[in-house]
Amino acid sequence: MASSSPLFKRWLGQIGADQVVEVLTDLFESGAAFIVDSNSDILLWSKGAEQLFGLNAAETIGKPCKTALNCDSGNDPCNLAELGIVKSQAVRIHRPDGRTLNCYRTARAFYDNNGGFAGAIEFLQPQSDIAPEQKPDDSDSFHGILSRDPAMKEAIKIIRNVAETEATVLIRGESGTGKEMVAHALHLESPRHYQPFLAINCAALTPSLLESELFGHVKGAFTGAVRNHAGLFQRANGGTLFLDEIAELPLELQAKLLRVIQERNFTPVGGDSAVSVDVRIIAATHRSLREEVKAGRFREDLMYRLRVVPIFLPPLRERRQDISLLLQHLIDRHNTQGHRHIDRIAPEAMRLLLDYRWPGNVRELNNVVEYAYAVGRGSELGIDDLPPEFREPLRPAATLDQNSAPRPKSQNEAELIREALANNPDNLEQAAQFAGMSRATFWRKRRKYGL
């Protein structure tokens with residue numbers, strides 16, 4: 001209960017309790033406040049309630065709250081008389097215009113001298129504009145990986161199965177798709193989960209430093225090697241070693257890695273004796289190793305050793321149904337940090353987020369949410385809270401070569417979409433532009449025709 005000065009009652013009598021209550025309830029512009037009597041008939045209906053539910057005070061005062069809110073039958077459908085207080089209870093309200101609102105309900109009951117229910121004050125706050133079905137449940141989360149996308153679900157199924165074996169796994173996906181999270185999930189699902197999981201980015205170090213970090217070195221192996229150094233293979237013994245951006249591994253180190261995979265031993269830099277290890281290797285790349293082999297930049301025998309079980313991670317632009325899911329998860333996480341609380345997303349901002357190509361994938365989505373919390377204020381995430389690139393006009397479709405005649409397009413919608421996909425198999429945005437549609441429309445039409 002709130003505390004008050006001994007003079008509060010006198011002040012309340014001077015101002016008038018009814019006026020104070022009316023002003024107090026109208027302060028909650030983003031939610032609905034109302035008061036009911038012992039029969040659950042509405043006594044007070046705030047301006048916020050009028051805006052949220054689309055019903056003015058004349059239509060609601062004197063009527064049961066179940067009529068205004070389309071509640072279940074009974075004078076006390078939410079069991080408030082028995083509970084006394086309700087906090088952040090999820091409720092679904094049906095507006096007169098047919099729309100459904102998902103809200104959080106907080107209420108406080110009052111009782112008469114005989115202990116009978118005398119009425120209540122209630123406050124309803126709308127949930128995020130992201131529908132509650134977009135909130136993740138246990139089936140959507142796999143060791144921190146959130147997805148409802150069929151391709152991602154298939155990848156998770158492969159992870160569960162292959163984790164029980166010792167097969168080498170190659171994860172293929174664009175930057176920011178969560179390759180290291182997948183590798184860690186595979187480790188956690190495996191019998192090696194109680195042993196170390198170590199990771200290294202093969203593109204982050206020079207060849208000499210990378211060799212020393214992977215295989216270790218002995219004292220005196222080179223200038224500055226003042227002591228023996230155990231490499232990642234040795235430190236990960238019994239566990240899992242994740243080699244990110246494996247396509248960037250220098251050719252001279254590829255032979256050494258191949259030996260570790262085949263012989264289960266290696267020689268540290270400057271050493272003269274082999275060290276035996278038991279390490280499961282998981283590799284990842286955003287490049288095609290087959291193309292790297294053709295270009296002479298990657299050993300074919302190593303590719304086959306690494307690519308025993310390939311797992312392909314789709315980019316975020318092909319996982320549109322996951323954008324809302326991930327967005328809500330990131331907002332919920334940032335809301336707990338205190339500085340800003342977002343409870344809804346403006347429809348215009350949501351459209352921009354859904355239509356964006358996300359070249360940086362999930363990592364970029366996380367950065368966008370961080371940007372919104374850093375530069376914006378208030379409970380609504382609007383267009384002005386998004387980075388500048390979201391407010392730039394869409395780039396025009398790539399122009400055709402002047403010497404080439406434009407291709408005729410089918411007048412049949414299904415055939416047009418099929419033609420667009422055939423001409424742009426790896427780029428949905430260009431396919432949508434070819435069909436003369438937005439990405440969102442193209443995606444819906446593609447699903448409609450099962451293409």
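**View 1. A five-stranded open sheet in a predicted model.** In this predicted model, 5 strands form an open sheet in the order β9-β10-β13-β8-β14, and their pairing is parallel. Look to β9 (197-201) and β14 (309-312) for the edges: each of these strands pairs on one side only. From one strand to the next, the twist averages 20°. As a reminder, strands of a sheet pair through backbone hydrogen bonds, either parallel or antiparallel.

**View 2. Where β9 meets β10.** Here we zoom in on β9 and β10, which run parallel and are joined by 5 bridges. A handy landmark is L198, which stands opposite L241 in β10.

**View 3. Helix α7 against the sheet.** Residues 150-162 make up helix α7, which packs on the sheet. Its contacts there are with β8 (169-172), β13 and β14. The direction of α7 makes about 150° with that of β14.

**View 4. Helix α11 and its span.** Helix α11 covers residues 251-263, 13 residues in total. From its first C-alpha to its last it reaches 19 Å, close to the 18 Å expected at 1.5 Å a residue. Follow the chain just past α11 and you meet R264, which takes a positive phi of about 60°.

**View 5. The buried side of the story for α11.** Which residues of α11 are buried? They are L253, Q254, K256, L257, L258, V260 and I261. Among the elements that cover these buried residues are the helices α9 (207-215), α10 (232-235) and α13 (300-306). The cover also includes the strands β10 (240-244), β11 (265-266) and β13 (280-285). Two of these strands, β10 and β13, will be familiar from the sheet order β9-β10-β13-β8-β14.

Technical notes. Residues are numbered from 1 along each chain as its sequence is written. This is a predicted model: local features need pLDDT of at least 70, side-chain atom pairs count only at pLDDT 80 or more; totals for chains, interfaces and linings use all residues. Side-chain values use heavy atoms; hydrogens and water are left out. Helices (H or I, at least four residues) and strands (E, at least two) are DSSP runs, numbered from the N terminus. The expected span of a helix is 1.5 Å times one less than its number of residues. Buried means under 20% relative accessible area, exposed over 50%, partly exposed in between (1.4 Å probe, protein chains only). Contact means heavy atoms within 4.5 Å. Two strands pair if DSSP finds at least two bridges between them. Axes are lines fitted to C-alpha atoms, for helices over the stretch in contact, and angles run from 0 to 180 degrees between N-to-C directions.
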